[in-house]
Amino acid sequence: DIQVSQIADMMNLNRSYFCRVFKRQMGMSPQEYIVSYRLEQAERLLTTTRLSQKEIALRVGYPDVYALSRMFQRRYGIAPGKFRNNYGQKKS
């Protein structure tokens with residue numbers, strides 16, 4: 001779990017300045033980037049592993065499966081479990 005303020009601190013930059021520069025270069029805020037990255041990693045883990053949704057949530061920086069599910073549904077329009085059933089590895 002990483003916060004934008006931690007990144008700015010590690011770079012020895014003011015948080016506001018860091019956010020402005022990041023958005024200008026990346027086309028999205030650092031927070032949007034972090035959320036996007038977390039969800040892409042969750043999608044990958046759902047489709048390529050048999051890890052539980054709870055374990056995936058923790059690995060990608062969400063405190064629990066409910067937080068992951070809420071963000072995943074907002075982005076993909078489908079619950080993580082249904083996504084896994086539709087697009088995940090076929091069970092042998």
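A residue counts as exposed when its relative accessible area is over 50%, as buried under 20%, and as partly exposed in between. Keep that in mind as you click around; this is a predicted model.

**Stop 1: helix α4.** Select residues 53-59, which make up helix α4. Now show the side chains of Glu 55 and Arg 59: they form a salt bridge, and their closest N and O atoms lie 3.0 Å apart. No need to hunt for others, since the structure holds one salt bridge. Why are these two about one helical turn apart? Because Glu 55 and Arg 59 sit four residues apart in α4. Colour the pair by accessibility next. Arg 59 has a relative accessible area of 53%, so it is exposed. Glu 55 comes in at 32%, so it counts as partly exposed.

**Stop 2: the α3 and α6 crossing.** Select residues 30-48 for helix α3 and residues 80-87 for helix α6. Draw the axes if your viewer can do it: they come within 9 Å and cross at roughly 50 degrees. That angle is neither under 35 degrees nor in the 65 to 115 range, so the pair falls into the oblique class, and α3 and α6 are therefore oblique to each other. Which hand does the crossing have? Turn the view and check: the crossing of α3 and α6 is right-handed.

**Stop 3: a surface patch.** Finish by selecting Ile 2, Met 10 and Met 11 and switching on the surface. Together they form a nonpolar patch there, with about 320 Å² of accessible area. Zoom in on Met 10, which belongs to helix α1, residues 4-10. Its relative accessibility is 66%, so Met 10 counts as exposed.

Terms used:
Residues numbered from 1 in each chain as written. Predicted model: local features only at pLDDT ≥ 70, side-chain atom pairs only at ≥ 80, totals over all residues. Heavy atoms only, no water. Patch = residues over 30% accessible without salt bridge, like charges linked within 9 Å, V, L, I, M, F, W, Y side chains within 5 Å. Areas by Shrake-Rupley, 256 points an atom, 1.4 Å probe, with all protein chains shown as cover. Salt bridge = Lys/Arg side-chain N within 4 Å of Asp/Glu carboxyl O. Buried < 20%, exposed > 50% of the residue type's maximum accessible area, 1.4 Å probe, protein only. Axes fitted to C-alpha atoms, helices over the stretch in contact; angles between N-to-C directions. Parallel < 35°, antiparallel > 145°, perpendicular 65-115°, else oblique. Left-handed = near helix turned anticlockwise from the far one by under 90°.
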